[in-house]
Amino acid sequence: MQGTVPTIIRMACLLLAWLLCGGTLAQDAVELQPGTSSIHLSPYVRYHHDPDNSYGPEDAWRQVGRGSFEPLPGGRDAFGFQTGTFWFHVAVVNRDPDEPRWLLVQAYPLSDRIDVYARYPDGRVVHHASGDSLPFSSRSIRYRHPNFQLAFPPGERVELLVRVRSESSMQVPLTLYTPKAFTELSRDAQFAIGIYYGILVALFFYNLVLWISLRDSSYFWYLMHLCAFGLVLFTLNGLGFEYLWPDSPWLADHAVPMSICLALIGMQQFSRVFLELPKRWPLGNVISLSVIGFFAGLFIASIWLPYHVATPLASRAVLAGVLWIAVACVVMLRRGYVHARLFLLAWAMFLVGTTAFTLVAFGVLPKTLVTEYGVQVGSALEMLLLSVALGHRYAALRNENQRIISEANQLLERKVAQRTRELRLALLQLEEAHRRLRESSRRDGLTSLYNRSHFQESFERLLQESRSTRRPLSLLMIDLDHFKRINDEHGHLVGDEVLRRAARRIGQALRPHDAVLARFGGEEFVAALPGTSLNEAVAIAEDIRQALVNEPCEAQGLKLRISASIGVHTITPDAPGDIDDAFGTADKALYAAKANGRDCVRTSITAA
């Protein structure tokens with residue numbers, strides 16, 4: 001009896017001390033049951049964020065005891081890009097006497113530093129450290145994901161305290177595996193990765209042969225894109241640290257933004273060459289070159305920029321870069337470039353996978369099999385489709401070569417060649433005559449401007465485009481003031497010369513604005529300004545008026561001052577009516593300008 005009381009007191013003291021040191025109730029622990037080969041710890045883990053990096057292990061244990069640790073928000077183990085240190089706590093009880101050793105795997109390869117503290121019932125604490133800020137050899141098993149071998153004696157409660165500090169995305173998916181389960185996992189994962197890189201290698205050599213054979217620069221830039229993006233995934237999957245730079249933590253960090261920049265440079269250059277942007281869309285080509293310049297600058301800056309600055313910036317820029325390529329594809333497809341169809345489908349696959357992967361990195365989407373490996377699936381499909389698209393171009397080139405050879409063979413026959421030349425010459429002469437006739441029917445004989453009938457046809461087309469593109473269309477009616485007086489006082493030859501010089505000045509003022517200008521009749525001109533608002537059209541009309549009055553017209557040795565009254569009307573996409581309504585409204589604005597003393601600009605609004 002005398003020995004029983006001290007024993008009870010000692011047990012009570014031990015229990016109290018254990019609780020003060022951070023113990024939790026036994027039913028809160030993860031129980032490793034017989035037959036269990038792996039268990040994901042996120043549902044059981046509680047975490048605490050130390051934004052100032054001020055806690056040591058003892059401080060964290062005290063926070064556990066105070067109940068400061070909280071369940072993972074929404075059960076997610078991805079927090080996005082965060083500052084400071086994250087602490088995670090979980091208790092484990094092993095009920096399987098046949099499996100005393102387990103492997104803790106952190107299934108995200110880019111964490112800088114991971115410390116695992118295993119505390120046993122006898123007070124002993126075992127410390128393990130890993131992460132890409134340490135040499136690769138610090139890992140318990142040579143594997144792309146940080147891992148830690150832990151001993152869980154059967155029936156004993158072991159507390160795990162995990163400290164994670166990283167400038168990368170804070171993703172902490174912790175899983176316990178038996179040695180056999182981990183072997184199977186690593187085997188299957190390496191097999192899947194091998195399939196992916198096998199596809200890339202096959203595509204590389206296939207297109208390398210085509211590039212060597214055809215010397216088409218599209219194949220070269222495709223190869224650069226393929227290699228650079230393969231390096232990106234090699235880095236993001238932890239394989240770069242495992243196989244290429246296992247003793248360089250600095251390169252393990254900086255390889256991520258640098259490889260991303262190289263991949264985007266290859267993507268943009270391949271896209272601009274494949275889509276023929278320099279020839280087909282000069283503005284889009286300038287934008288693509290600007291994007292390439294940005295990523296080249298970011299690549300250089302990544303050598304010095306901190307990882308937590310360079311990587312989020314590069315990750316966000318990936319989405320913008322891929323979206324721009326998709327926009328360029330759509331534009332080229334609308335312009336009739338048939339090869340852009342497959343190209344757009346390929347980038348759509350890539351965009352979906354990249355978007356999912358990026359949103360996981362920023363903690364927006366949960367980390368699942370689909371979101372984690374979507375970028376591999378999307379990029380593999382993208383590479384395959386791009387290769388098919390290049391094949392289509394190769395086929396087109398081959399057909400073109402066959403056509404050229406066929407024509408060359410025909411030219412070997414002198415008579416056929418002579419007849420072909422005569423026929424071609426006759427056709428060219430007929431086409432030239434037809435072009436001149438068509439052009440003369442569209443032009444005014446005196447001023448060389450478009451005539452009224454052609455302008456009405458063009459304006460009808462511009463009106464339809466305005467309504468389909470939802471952009472305004474402005475109409476200018478220009479009438480030279482007191483022109484009849486010039487004819488009466490100086491003769492029609494002088495009047496004709498004044499008309500020609502006035503037409504040239506009006507045309508020069510409208511040249512920067514993509515306008516359609518025509519002689520409407522007599523001394524009256526008309527101009528259509530697509531995509532121009534009312535205020536812009538008024539400013540352009542004022543430029544025309546100033547161009548006419550600022551300098552006199554020279555005709556037959558005379559210097560005559562001329563001016564013009566201008567009516568302006570802007571048709572909005574939703575405005576009702578047809579071309580006659582538009583001319584009528586602009587004409588009212590013109591007569592308002594005349595009624596106001598001439599030499600001025602009036603709009604349909606002021607006329608009303």
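Trainee: Is Tyr 197 buried or exposed?
Mentor: This is a predicted model, with residues numbered from 1 along each chain as its sequence is written. Local features need pLDDT of at least 70, side-chain atom pairs count only at pLDDT 80 or more, totals for chains, interfaces and linings use all residues, and side-chain values use heavy atoms, without hydrogens and water. Buried is under 20% relative accessible area, exposed over 50%, partly exposed in between (1.4 Å probe, protein chains only). At 16% relative accessibility, Tyr 197 counts as buried.

Trainee: Which helix gives the largest share of the largest nonpolar core?
Mentor: That core (buried Ala, Val, Leu, Ile, Met, Phe, Trp, Tyr and Cys joined through side-chain atoms within 4.5 Å) has 45 residues, and Tyr 197 and Leu 275 have the most contacts inside it. Helices α3 (179–214), α4 (217–236), α6 (249–274), α8 (282–301), α9 (307–334) and α10 (340–361) each supply at least two of its residues. Helices here are DSSP runs of H or I, at least four residues; strands are runs of E, at least two; both are numbered from the N terminus. Ten core residues, the largest share, come from α9.

Trainee: Which residues does Tyr 197 touch, beyond those up to four places away in sequence?
Mentor: Contact is heavy atoms within 4.5 Å. With neighbours up to four places away left out, Tyr 197 touches Gly 230, Leu 233, Phe 234, Asn 237 and Leu 239.

Trainee: How many residues form the other core, the one with Ala 502 and Ile 544?
Mentor: This core lies apart from the largest one. Leu 517 and Phe 525 are also among its members, which number 32.

Trainee: Within what arc do the buried residues of α2 fall?
Mentor: Helix α2 (residues 57–65) buries Ala 60, Trp 61, Gln 63 and Val 64. They line one face of the helix. Taking directions from the helix axis to the C-beta atoms, the arc is 160 degrees.

Trainee: Which strands do those buried α2 residues pack against?
Mentor: Four strands are involved. They are β3 (46–50), β6 (85–94), β8 (113–119) and β11 (157–165).

Trainee: Which residue's charged end sits over the ring of Trp 61?
Mentor: The test is NZ of Lys or CZ of Arg within 6 Å of the ring centre and within 35 degrees of the ring normal. At 3.7 Å from the ring centre of Trp 61, the charged end belongs to Arg 119.

Trainee: How far apart are the ring centres of Tyr 47 and Phe 79?
Mentor: Rings of Phe, Tyr and Trp (its six-membered ring) pair with centres within 6.5 Å; planes under 30 degrees apart are stacked, over 60 edge-to-face, the rest tilted. The structure holds 21 such pairs. Here the planes meet at 50 degrees, so the pair is tilted, and the centres lie apart by 5.1 Å.

Trainee: How many residues apart in sequence are Tyr 47 and Phe 79?
Mentor: Tyr 47 is in strand β3, Phe 79 in strand β5 (residues 78–81). Tyr 47 is buried at 15%, Phe 79 at 12%. Their separation is 32 residues.

Trainee: What is the angle between the planes of Tyr 197 and Phe 234?
Mentor: The centres are 5.5 Å apart. The pair is edge-to-face, at 90 degrees.

Trainee: What is phi of Ser 448?
Mentor: Ser 448 is in the loop between α12 (414–442) and α13 (452–469). At 49% relative accessibility, Ser 448 counts as partly exposed. Its phi is positive though the residue is not glycine, near 65 degrees.
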